[in-house]
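Visitor: I should like to examine this structure with some guidance. May we go through it by question and answer?

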Amino acid sequence: MTLVFATNNLHKLEEVRKIVRKDFHILSLSDIHCQEEISETANTLEGNALIKARYIKEHYGYDCFADDTGLEVEALNNAPGVYSARYAGEERSAEANMKKLLAELKDEKNRNARFRTVIALILNGKELLFEGIVKGKITEEKKGTSGFGYDPIFVPEGYTVTFAEMGNDIKNTISHRAEAVKKLDEYLTGKFL
């Protein structure tokens with residue numbers, strides 16, 4: 001069975017392909033020759049994931065899924081949240097986003113945060129949502145070089161290193177996206193295998 005994952009982010013694509021059973025063939029946006037920038041205009045992660053999935057279904061006809069992820073920081077009323085990718089501006093610079101976040105938390109003792117991923121699946125005319133959450137803390141400085149986004153400043157609960165320090169193999173088994181993708185995989189497996 002073929003499904004389109006509405007992304008061109010190679011990190012995400014690789015992570016998802018490692019989790020979803022090989023019975024399901026996962027295509028990216030470039031695989032279906034989708035070059036459009038799909039605007040994420042919703043004010044929730046669920047809304048943005050649905051916008052992307054609906055766009056692919058409507059314009060390309062594929063059953064598909066899309067995700068949206070946000071970093072929610074307790075002391076900042078769950079900001080940056082849905083605006084995580086462009087927190088420091090439209091250029092979507094991970095470096096600038098981290099710098100802004102660390103500056104805003106400079107004198108803050110409460111460093112609690114969580115990553116939340118929502119996956120929207122459109123399959124046989126049905127829309128379903130799957131959520132993954134990983135709780136942790138924001139560090140006071142960047143540590144590590146692997147991963148992407150806010151990984152160098154986020155330490156997941158139960159660990160003493162950032163996502164960027166632990167490497168992708170470990171991160172991909174415990175991350176918010178991994179949790180949401182596992183739920184997606186369980187659903188697909190139960191339905192089709």
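Visitor: How much space lies in the largest pocket?

Guide: The model is a predicted one. Among the residues lining the largest pocket, those closest to its centre are Asn 9, Lys 12, Glu 40, Ala 85 and Arg 92. The space in this pocket is about 800 Å³.

Visitor: Which element gives the largest share of the lining of the largest pocket?

Guide: Helix 2 (45-60), strand 3 (64-73), helix 3 (94-104) and helix 6 (176-192) each give two or more residues to the lining. The largest share is five residues, and it comes from strand 3.

Visitor: How many charged residues does the lining of the largest pocket have?

Guide: In total, 33 residues line the largest pocket. By class, 10 of the lining residues are nonpolar and 11 are polar, while the number of charged residues is 12.

Visitor: How many disulfides does the structure hold, and why?

Guide: A disulfide is a covalent bond between the sulfur atoms of two cysteines. The cut-off for the pair of sulfur atoms is 2.5 Å. The cysteine sulfur closest to that of Cys 34 belongs to Cys 64 and is 10 Å away, so the distance is too great for a bond. The number of disulfides is therefore zero.

Visitor: Is Glu 15 buried or exposed?

Guide: Glu 15 lies in helix 1 (residues 10-19), and its side chain forms a polar contact of 3.0 Å with that of Ser 175. A residue counts as buried under 20% relative accessible area. Because the value for Glu 15 is 2%, this residue is buried.

Note on methods. Residues are numbered from 1 along each chain as its sequence is written. This is a predicted model: local features need pLDDT of at least 70, side-chain atom pairs count only at pLDDT 80 or more; totals for chains, interfaces and linings use all residues. Side-chain values use heavy atoms; hydrogens and water are left out. Helices (H or I, at least four residues) and strands (E, at least two) are DSSP runs, numbered from the N terminus. Buried means under 20% relative accessible area, exposed over 50%, partly exposed in between (1.4 Å probe, protein chains only). A polar contact is a pair of N or O atoms within 3.5 Å; within protein, one must be able to donate a hydrogen and the other to accept it, and residues adjacent in sequence count only if both atoms are side-chain atoms. On a 1 Å grid over the protein atoms alone, a cavity is a set of points where a 1.4 Å probe fits but cannot get out, and a pocket is an open set with protein on both sides within 12 Å along at least five of seven lines; lining residues have an atom within 4 Å of a point. Grid points are joined across faces, edges and corners, and a volume is the space filled by probe spheres set on the points. Ala, Val, Leu, Ile, Met, Phe, Trp, Tyr, Cys and Pro count as nonpolar, Asp, Glu, Lys and Arg as charged, and the others, Gly among them, as polar.
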